[in-house]
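Trainee: I have a new structure open and would like to learn how to read it. Could you take me through a few features, one at a time?

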Amino acid sequence: MTLEAFKAGEALTMGVELELQLVDLTDFDLTAAAADMLFLLGKQPFPGDVKPEITESMIEISTDVHTDYGALLGQLGQMRNALVEAGDRLNVGICGGGTHPFQRWSEQRIFDKPRFQELSALYGYLAKQFTVFGQHVHIGCASADEGLYLLHALNRYLPHFIALSASSPFLQGVDTLFDSARLNSVFAFPLSGRAPFLLRWEDFAEGYFAKMESTGVVKSMKDFYWDIRPKPEYGTIELRVCDTPLSVERAAALAAYLQALCRMLREQGEPVSEDDYLVYNYNRFQACRFGLDATLVHPRRHETLALRDDVLATLNQLAPHAAVLGSTGALDVLRRVVATGNHAGDLRRWHGESGGLRGMVDAAVRTFRGDES
Amino acid sequence: MMLESLGNPLAGMAWPLALLLAWLAGEAISRWLSLPRVCGYALAGFVLASGQLGLLPQPAGTPVALLADFAIALVLFELGQRINLNWLRHNRWLAVTSLVEAFGTFIVVLLVARGFGLAPLPALLLAALAMSSSPVAALRVANELRCSGQVTERMLHLSAFNCVFAVLVFKAIAGYWVLTSAGGLLPALWSSLAVIGVSAGIGAMFGVAVPTLLRWQRRGGGDATVILAIATLLLVTLTHALQFSALLAALVFGLVVRYRRIVFSGADRGFGTLGSLLTILLFVYASATLSWSQVAQGAGLALAVLVVRTLCKVGACVAFAGLSGIGWRKGALTGLALTPMSVFAILLLEQTRHLGIDVFAQVAGLGLLVLALELLGPVATQRALILAGEAGREEGS
């Protein structure tokens, strides 16, 4: 089976997927509540899509296709409210965050669905250790080649998304000192990292993908865990490096940031080169480790620059694009993040203030409800 | 307890030997029959009791009774921690389920008991006992199987609530009994309202004081089980000395501590090794209070009560399943999981001893009901949780 055709459509549409944590409100550990939540949510129309994820303590929501930031934010808010209401009726807490700070992966239950059971059999403990929670943002592309161009042109901005969304400082009960420890878990998979540097869809589909498929290693695009990957059946590229933020408001802002960036890159049309990837893994590490305090190396100019300054400069550059797209509010949200810190910083602060990991998760659950922030 | 029997070394070894045999029975029943270990403990206790093989002396009223009270207090404390009263605010139908299953059971059991010709007061006491679902079996089985899900959560909440209702109603009726048969108005009121209020008050006081102590010891987190166990022991002895309800006090203690975010997870659940040891003791103790002569009579009433009680609990949980946000199947399994009753009922009965009421003598059939539910109850809970798909691992593995 060859790779399906890229269903090109309207450019710069966007859609968001959020993987969320289901938390026990007594001990604030993860709880296997996905089946009960899905049952209850299935009894009335859900303002979006909701589905199970690989372990029973995760749930994934996804929005419709949007062009407008306000509409995206509105839908995410409605889905959040529906989830919170269902959680209240079942005594289940729902929260964001890229990792659960103290869950023990060995105690996670794999959701009863053939694909998940197959993955579990193949990857063993990796599948359970993959109990991490990401935000995926899809951007619609006018053509498959445009998709591949944007995918590679975005590589220089990838650390921005990691730092702005980072919300996974704790893992297995300890502060990892990373702002995003989640991405380290993703890196353990053999097919993670970046997509091969190919700019023409036929080279990608008939060359790279067909060869990989004939090796038997992959069957579909789903088997690649790349940071950004094309999604031919949607006609989108999908950014996968973001931790799920603690609030849907920030998730919407990140999606709008990507949309504005893509608009700018499409208009500028600067050529991309494989050498841009020389500093890719280094910058990625810096953003994971230090968040907004990271120091990046510019892929072209080879000079060091503070990630914080780079984000601010980009936000300024994007202002006219956001004005056209109607997402100026989103850029304001991100400016505040740059000024006051990302969610990883909030989590560390709560950990210190409220005395411990459970108090921190409690605060994260309340943040997701919209009680705070 | 050991000191008293130093003169007879074999008699002194009776309890440790019984614990060993009960442990073996529990492991065997778990490994070969995949049944809950607690069933093995209960069976061993009954077989070894004074009325049967006679290894164990009648334990009621001995210092072992205090240890058993300590054991159940630890369970109720942990249960209290897991009770989220906010849930009732968000899910009113769960509150309705709780009231209907508890008081519905009270009414149908009362009717059945009267139908079997029981006098009004013993019938009322039996009905009050039947309301409760023993949290010991529920929590133990749930912890052993590492359960999580709606059936587990609802079982634990409903069990906590119906135990509180059972204590309220039981104490009130016992007070009324004392009033009509011997004492005056004062002892009756004392044994119901005051006991309940003050017991809860003592529990709440502990709930405020102990976390403060913990915070002073070190700032949050870490292993708090030792100090919590000591505090619970203190709570039990204090409430005993003052003749209040250790059961209620321990439950409220846990409930209040929850809001200071001191809760167990993972290995601490069930108070670890201490909890496991005391659970064996508790089940052996509870069934060793029963004798064959109590069990051998009143089979008709026992069977009838068992059937209507189960039907009522399952019926109530099914009736409000949809309204409270789960499917009818999970509702039915919740009701089934509420079957255990015995350990809690026996300890509740123990506390009426000082009032001079011997309920076992008054209610033929209670002995058999208690023994049957002690053996079948945990099995029902275990099967319900496994059928609901909420077990994290199978028994015995």
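**Reading strands, helices and contacts**

Mentor: Gladly! Let us begin with a strand pair: E2 (residues 49–52) and E3 (residues 58–62) of chain A pair in the antiparallel sense, over 4 bridges. Keep in mind that this is a predicted model.

Trainee: Which residue in E3(A) is the bridge partner of Val50(A)?

Mentor: Ile61(A) is the partner of Val50(A). To follow the chain from E2(A) to E3(A), trace the hairpin of 5 residues that joins them.

Trainee: Next I would like to look at E5(A). How many of its residues are buried?

Mentor: In strand E5 (134–140) of chain A, 7 of 7 residues are buried, so the cut-off is worth knowing: a residue counts as buried if 20 or more other C-beta atoms lie within 10 Å of its own. Both faces of E5(A) are covered, with Gly134(A), His136(A), His138(A) and Gly140(A) on one side and Gln135(A), Val137(A) and Ile139(A) on the other.

Trainee: Which strands pair with E5(A)?

Mentor: E1(A) pairs with E5(A) in the antiparallel sense over 5 bridges, and E11(A) pairs with E5(A), also antiparallel, over 6 bridges. Ile139(A) is a good residue to click on. Its bridge partner in E1(A) is Met14(A), and its bridge partner in E11(A) is Ile237(A).

Trainee: Can we use burial to read a helix too? How many residues of H5(A) are buried?

Mentor: Helix H5 (residues 144–153) of chain A has 9 of its 10 residues buried, so the rest of the structure largely encloses it. Among the buried ones are Glu146(A), Tyr149(A) and His152(A), along with Leu148(A), Leu150(A) and Leu151(A).

Trainee: What covers the buried residues of H5(A)?

Mentor: The cover includes E5(A), which we have just visited, together with helix H8 (201–215), strand E10 (228–231), strand E11 (236–243) and helix H9 (248–268) of chain A.

Trainee: How should I describe two helices that pack together?

Mentor: Two packed helices are described by the angle between their axes and the distance between the axes. Try helix H11 (residues 307–325) and helix H12 (residues 328–340) of chain A: their axes come within 9 Å and cross at roughly 170°. That angle makes H11(A) roughly antiparallel to H12(A).

Trainee: Which residues make the contact between H11(A) and H12(A)?

Mentor: From H11(A), the residues include Leu312(A), Leu315(A) and Ala319(A), and from H12(A) they include Leu331(A), Leu334(A) and Val338(A). By class, this contact has 11 nonpolar, 1 polar and 2 charged residues.

Trainee: Let me try chain B. At what angle do the axes of H15(B) and H16(B) cross?

Mentor: Helix H15 (residues 299–319) and helix H16 (residues 328–337) of chain B cross at roughly 150°, with axes that come within 7 Å. H15(B) is therefore roughly antiparallel to H16(B). The crossing of H15(B) with H16(B) is right-handed. Where they meet, H15(B) gives Lys313(B), Val314(B), Ala316(B), Cys317(B) and Val318(B), while H16(B) gives Trp328(B), Gly331(B), Ala332(B), Thr334(B), Gly335(B) and Leu336(B). Their classes are 7 nonpolar, 3 polar and 1 charged.

Trainee: How many helices and strands does chain B have?

Mentor: Chain B has 19 helices and 0 strands. Of its 397 residues, 56% count as buried. Among contacts in chain B between residues at least 6 apart in sequence, 80% join residues at least 24 apart.

Trainee: How many residues does each chain give to the contact between chain A and chain B?

Mentor: Chain B gives 24 residues and chain A gives 22 residues. On the side of chain B that touches chain A, helix H5 (85–90) and helix H9 (150–181) of chain B are the elements that give two or more residues. That side of chain B has 4 nonpolar, 14 polar and 6 charged residues.

Trainee: One last topic: what should I know about the sign of phi?

Mentor: Most residues other than glycine have a negative phi. Leu12(A) has a positive phi of about 65° although it is not a glycine, and it lies in the segment before strand E1 (14–24) of chain A. Arg146(B), also not a glycine, has a positive phi of about 50°. You will find Arg146(B) in the loop between helix H8 (135–144) and H9 of chain B.

Trainee: Why does Leu12(A) count as partly exposed?

Mentor: Leu12(A) counts as partly exposed because it has 18 C-beta neighbours inside 10 Å. Arg146(B) has 16 such neighbours inside 10 Å, so it counts as partly exposed.

Key. Residues numbered from 1 in each chain as written. Chains lettered and ligands numbered in written order. Predicted model: local features only at pLDDT ≥ 70, side-chain atom pairs only at ≥ 80, totals over all residues. Contact = placed C-beta atoms within 7 Å. Nonpolar A, V, L, I, M, F, W, Y, C, P; charged D, E, K, R; others polar. Buried ≥ 20, exposed ≤ 12 C-beta atoms within 10 Å, placed from the backbone. Axes fitted to C-alpha atoms, helices over the stretch in contact; angles between N-to-C directions. Parallel < 35°, antiparallel > 145°, perpendicular 65-115°, else oblique. Pairing = 2+ DSSP bridges. Left-handed = near helix turned anticlockwise from the far one by under 90°.
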